[in-house]
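Colleague: I have a new model open on my screen and would like to learn how to read it. Could you walk me through it, feature by feature?

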Amino acid sequence: PLRLVAAGLKIATDYKITSRIRRKAESGGAGDDLSGAHKRGALKLYNLCKSNGGVYIKAAQFAAARKVLPEEYTMELAVLMDQAPPQPFHQIAQVLRKE
């Protein structure tokens with residue numbers, strides 16, 4: 001959970017900084033700044049889900065399939081649909097036996 005909170009704070013801080021820059025800048029090109037914040041946030045979220053595995057990957061797959069997030073997030077998380085890191089069978093069997 002600590003990694004999740006840390007990643008969330010980093011993403012939120014990035015959006016806050018981007019928002020302040022957009023307010024100071026003239027109207028031209030502001031959309032590119034937000035898209036960049038989306039891309040950076042999506043990469044952070046992807047790395048978090050990939051490193052934590054399990055339910056985090058499933059949640060990312062669900063979010064990507066539903067397309068409820070900005071396109072940059074959907075595209076980044078969609079990679080986990082068919083390129084999720086494999087788990088050794090003995091780990092899977094352990095979980096199944098417990099259930």
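Modeller: Gladly! Keep in mind that this is a predicted model. Let's begin with helix α1, where A7, I11, D14 and T18 are buried.

Colleague: How many residues does helix α1 have, and what span should they give?

Modeller: Helix α1 runs over residues 2-24, which is 23 residues. At 1.5 Å a residue they should span 33 Å, and the end C-alpha atoms are indeed 33 Å apart, so the two values agree.

Colleague: K16 caught my eye. Where is K16 placed?

Modeller: K16 is in helix α1 too. Its relative accessible area is 46%, so K16 counts as partly exposed, because that class lies between 20% and 50%. You can also look across to A37: the C-alpha atoms of K16 and A37 are 9.6 Å from each other, with their positions 21 residues apart along the chain.

Colleague: Now the interior. Which residues make up the largest nonpolar core?

Modeller: The general idea comes first: in soluble globular proteins, nonpolar side chains tend to be buried together. Here the largest such core has 7 residues, namely Y46, C49, I57, A60, A64, L77 and L80. At least two of them come from each of α2 (30-52), α3 (54-66) and α4 (71-82). The largest share, 3 residues, is supplied by α3.

Colleague: What does C49 touch, leaving aside residues up to four places away in sequence?

Modeller: C49 touches Y56, I57, A60 and L80.

Colleague: How do I describe two helices that pack on each other?

Modeller: Two packed helices are described by the angle between their axes and the distance between the axes. For α3 and α4, the axes come within 8 Å and cross at roughly 125°. The contact is made on the α3 side by I57, A60, Q61, A64 and A65, and on the α4 side by T74, L77, A78, L80 and M81.

Colleague: Which word fits the way α3 and α4 lie to each other?

Modeller: They are oblique to each other, because the angle falls outside the parallel, antiparallel and perpendicular ranges, the nearest limits being 115 and 145 degrees. Their crossing is left-handed.

Colleague: Last one: what about backbone angles?

Modeller: Most residues other than glycine have a negative phi. K67 is not a glycine, yet its phi is positive, about 55°. You will find K67 in the loop between α3 and α4.

Colleague: Is K67 buried or exposed?

Modeller: K67 has 62% relative accessibility, so it counts as exposed; the cut-off is over 50%.

Note on methods:
Residues are numbered from 1 along each chain as its sequence is written. This is a predicted model: local features need pLDDT of at least 70, side-chain atom pairs count only at pLDDT 80 or more; totals for chains, interfaces and linings use all residues. Side-chain values use heavy atoms; hydrogens and water are left out. Helices (H or I, at least four residues) and strands (E, at least two) are DSSP runs, numbered from the N terminus. The expected span of a helix is 1.5 Å times one less than its number of residues. Buried means under 20% relative accessible area, exposed over 50%, partly exposed in between (1.4 Å probe, protein chains only). A nonpolar core is a set of buried Ala, Val, Leu, Ile, Met, Phe, Trp, Tyr and Cys residues joined through side-chain atoms within 4.5 Å. Contact means heavy atoms within 4.5 Å. Axes are lines fitted to C-alpha atoms, for helices over the stretch in contact, and angles run from 0 to 180 degrees between N-to-C directions. Angles under 35 degrees count as roughly parallel, over 145 as roughly antiparallel, 65 to 115 as roughly perpendicular and the rest as oblique. A crossing is left-handed if the near helix is turned anticlockwise from the far one by less than a right angle, and right-handed if clockwise.
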